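The following exercises are meant to be worked through with the sequence and the model side by side. Each task is followed by a solution that proceeds step by step.

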Amino acid sequence: MARRFRRGVQGRFTQMNDVWDLAVVGGGPAGAAAALRARQLRPDARVLLLDRADFPRDKACGDGIAAHCRDELALLGIPDLIADYRPTQRLAVVSPGGARVSATSARPNHVVPRRVFDARLVDAARARGVEVRRHHVRSLAVLDGHIVLDGTVTARAAVAADGANSTMRRLIGVSPAPDRHTAIAVRGYADVPADDDVQSIFMQQDGWPAYAWSFPIGDGTANVGFGMLLPRLRATGRPGREVLHGRLAELLPHLSAHDLRAHHLPLSPGRPRPGSGRVLLAGDAAGLINPLTGEGIYYALVSGRLAGEAAVRAAADPLPAYRRELRKALGRHLRTTDVLALAAQSPGFIDAAIDTAARRKEVFDLLVDVGLGAGTVPLPLALAVVRRWIASGVRRR
Ligand SMILES: Cc1cc2nc3c(=O)[nH]c(=O)nc-3n(C[C@H](O)[C@H](O)[C@H](O)COP(=O)(O)OP(=O)(O)OC[C@H]3O[C@@H](n4cnc5c(N)ncnc54)[C@H](O)[C@@H]3O)c2cc1C
């Protein structure tokens, strides 16, 4: 097996006995999940996790960890990863037209700063035998059926979990989500009463779809932010920073946010094919953010886990297995949110959905499952919302 490549990419020499079973690029939730799963299934697998940053590192995010994520953490063998953070079941949503629902969700959600959450995931991967290196990946080649990164790292398969602006995705020639399916959001931190435990979402008619949020952490601070679709932001003709920071200050005037940081959100209706050959895309690199809520951590954990699984179970040709399992896990959900995202272009549809959720707890629970997990909408409930939507349209005329 100790066969020498004649010459590695970029002129360096690589030895076949340096081959990793799996190279994961990106140490966010998707990459960490892939690495953890690979070692969980094959404890002897040589797994390398590369990230351009050292951990702990910050990441622009609302820090909302849905209950569904804890199911994934349990599957990955780390059920108590965030057990020391305060759980909360209280959710309040104001629709673009002012319909309100405030209710207790079926299961507790958490708010954990990504600086903490991601570092814990990477530590868990390291503890499971994954080698973690700081390395900014810039080039990729396929040599003798292997993946070679930057001419120095050779692997049988790779998981590209390098986020919304994925370099790996570009290197394998897969297009990013089109602008119309890309959102942009800014987040900051603000002081709130320590006993504030309501996760609040304030949807906005102006520039719809757009919303602000306040997600209290439980330590007297909250993650606050504002997000909108990229084309809507461009249509303002003003600098992005001015619009995002301005709207956040305007919508949550009582909270003074610091540490503001913005990032793109590739929404799932624009998702590309999930890889090419032995390179599997996961998380934001695969464009898996929920278009109704902007939640992406759950989908990053699921897709990362499935990519890690396929990479070690079907190393020679992992993409078909990955595609199949991804479809099984998220296919119906993604088709549901594709359709709902179309309907949601009319703010009246969301008003009707929130209004229905305020009256019927099972609709509220279902919306939570669709917005934060892998939920789908049974036809009778879809029809109930559509009836209310039509009725409110008739009343308005
Ligand atoms: C403002 C905002 C608020 C959000 N709020 C929420 C929320 O409350 N809840 C939720 O579930 N989702 C939320 N999301 C979405 C969520 O942040 C993402 O879906 C999630 O981070 C995706 O995880 P990931 O592992 O795919 O990518 P990331 O978390 O982006 O991780 C990618 C990693 O790849 C590394 N990397 C990038 N390029 C390279 C390279 N070339 N070489 C090596 N390493 C590289 C980066 O350093 C990074 O560590 C929000 C997003 C934004 C922008």
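**Exercise 1. Two cysteines**

Is C61 buried or exposed, and what is its relative accessible area? Then decide what can be said about its pairing with another cysteine.

Solution. C61 is buried, with a relative accessible area of 16%, where buried means under 20% relative accessible area, exposed over 50% and partly exposed in between, computed with a 1.4 Å probe and protein chains only. The model is a predicted one, in which local features need pLDDT of at least 70 and side-chain atom pairs count only at pLDDT 80 or more, while totals for chains, interfaces and linings use all residues. Residues are numbered from 1 along each chain as its sequence is written, and side-chain values use heavy atoms, with hydrogens and water left out.

For the pairing, recall that a disulfide is a covalent bond between the sulfur atoms of two cysteines; the criterion used here is a pair of cysteine sulfur atoms within 2.5 Å. The structure holds zero disulfides, and for C61 the nearest cysteine sulfur, that of C69, is 9.6 Å away. Seen from the other side, the sulfur of C69 has its closest cysteine sulfur in C61, at a distance too far for a bond. C69 is itself buried, with a relative accessible area of 1%.

**Exercise 2. The surroundings of C69**

Which residues of helix 2 are buried, and against which elements do they pack?

Solution. Helix 2 spans residues 67-75, and its buried residues are A67, H68, C69, E72 and L73; helices (H or I, at least four residues) and strands (E, at least two) are DSSP runs, numbered from the N terminus. These buried residues pack against strand 3 (64-65), strand 5 (100-111), helix 3 (114-127), helix 7 and helix 10 (361-372), contact meaning heavy atoms within 4.5 Å. Following helix 2 comes G77, whose phi is positive, near 85 degrees.

**Exercise 3. The ligand shell**

How many residues surround the ligand, and which polar atoms lie by it?

Solution. Begin with the shell, which holds 37 residues, the closest being D51, G62, R114, D284 and I297; a residue counts if one of its heavy atoms lies within 4 Å of the ligand. By residue class, the shell divides into 15 nonpolar, 13 polar and nine charged.

Next take the polar contacts, pairs of N or O atoms within 3.5 Å. A polar side-chain atom of D51 lies 2.6 Å from a ligand oxygen, a backbone N or O atom of A30 lies 3.0 Å from an oxygen atom of the ligand, and a polar backbone atom of G64 is 2.9 Å from a ligand nitrogen. Taken alone the ligand exposes 1,000 Å², of which the protein buries 96%, the areas coming from the Shrake-Rupley method with a 1.4 Å probe. Helix 1 (29-41), strand 12 (210-216), strand 14 (258-266) and helix 7 (297-313) are the elements that give two or more residues to this shell.

**Exercise 4. A loop alanine**

Where is A285 found, and what does it contact beyond its neighbours within four places in sequence?

Solution. A285 is found in the loop between strand 16 (279-281) and helix 7, and it is buried, with a relative accessible area of 0%. Leaving aside its neighbours within four places in sequence, A285 is in contact with A160, D162, G163, A164, S166, R169 and P272. As a last step, compare chain and space: A285 and T167 are 118 residues apart along the chain, yet their C-alpha atoms are separated by 8.7 Å.

Methods
A polar contact is a pair of N or O atoms within 3.5 Å; within protein, one must be able to donate a hydrogen and the other to accept it, and residues adjacent in sequence count only if both atoms are side-chain atoms. Ala, Val, Leu, Ile, Met, Phe, Trp, Tyr, Cys and Pro count as nonpolar, Asp, Glu, Lys and Arg as charged, and the others, Gly among them, as polar.
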